[in-house]
Amino acid sequence: VFGFTYQLRLSTRPEKFLGDIEVWDKAEKDLAESLDAIGMPWKLNPGDGAFYGPKIDITLQDALKRQHQCATIQLDFQLPIRFNLNYIDEKGEKQHPVMIHRAILGSVE
């Protein structure tokens, strides 16, 4: 429709970030596996993640070959820690949840 094509991009840890590298590495690995599981091509976008977590960006290309970021899905590990949010897992241990931010229409929202 409208001559659009799209690309999926996994945006990884930026130079300035919050949190533990181990958590970032696991999150990036999990997101890459999720993208692989849907069976569609995707590209790595090194260093373009949010300071609080990695993200999947969906970029549209219009009929004039211009790129537009449309949607994004971002993992946030920092706000739950900063607000001391937690839950008890199946082992009875306290864990911090992961927030998922999403924007369906990018800057339109």
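# Exercises on a predicted protein model

M40 counts as partly exposed, because its relative accessibility is 35%. The structure is a predicted model, and the exercises below treat its surface, its core and one buried polar residue.

## Exercise 1. Surface

Classify M40 by exposure, locate M40 in the chain, and identify the surface patch to which M40 belongs.

**Solution.**
1. Partly exposed covers the range between under 20% and over 50% relative accessible area. M40, at 35%, therefore counts as partly exposed.
2. M40 lies in the loop that links α1 (21-37) to β2 (42-45).
3. Together with Y6 and I38, M40 makes a nonpolar surface patch of about 290 Å².

## Exercise 2. Overall architecture

Describe the order of secondary structure elements and the general dimensions of the protein chain.

**Solution.**
1. The protein chain contains two helices and seven strands.
2. Read from the N terminus, the order is β-α-β-β-β-α-β-β-β.
3. Along the principal axes, the C-alpha atoms fill a box of roughly 55 × 30 × 25 Å.
4. The accessible surface is about 7,600 Å², and carbon and sulfur atoms hold 58% of that area.
5. Of the 109 residues, 30% are buried.
6. Among contacts with a separation of 6 or more, 56% join residues 24 or more positions apart.

## Exercise 3. Nonpolar core

Determine which residues make up the largest nonpolar core and which element gives the most to this core.

**Solution.**
1. The largest nonpolar core has nine residues: L8, L10, A27, L31, A32, L35, I56, L75 and F77.
2. Two elements, β1 (5-11) and α1, each give two or more residues to this core.
3. The greatest share comes from α1, with four residues.
4. For the core member I56, leave aside residues up to four places away in sequence; I56 then touches R9, L31, L35, A71, T72 and I73.
5. As a general background, nonpolar side chains in soluble globular proteins tend to be buried together.

## Exercise 4. A polar residue in a strand

Is Q61 buried or exposed, and with which side chain does the side chain of Q61 make a polar contact?

**Solution.**
1. Q61 belongs to strand β3 (residues 55-61).
2. The cut-off for a buried residue is under 20% relative accessible area. Q61 has 18%, so Q61 is buried.
3. Beyond residues up to four places away in sequence, Q61 touches G3, F4, T5, R66 and Q67.
4. With Q67, the side chain of Q61 makes a side-chain to side-chain polar contact at 3.0 Å.

Technical notes:
Residues numbered from 1 in each chain as written. Predicted model: local features only at pLDDT ≥ 70, side-chain atom pairs only at ≥ 80, totals over all residues. Heavy atoms only, no water. Patch = residues over 30% accessible without salt bridge, like charges linked within 9 Å, V, L, I, M, F, W, Y side chains within 5 Å. Areas by Shrake-Rupley, 256 points an atom, 1.4 Å probe, with all protein chains shown as cover. Salt bridge = Lys/Arg side-chain N within 4 Å of Asp/Glu carboxyl O. Buried < 20%, exposed > 50% of the residue type's maximum accessible area, 1.4 Å probe, protein only. Core = buried A, V, L, I, M, F, W, Y, C linked by side-chain atoms within 4.5 Å. Contact = heavy atoms within 4.5 Å. Polar contact = N/O pair within 3.5 Å; in protein donor to acceptor, adjacent residues only side chain to side chain.
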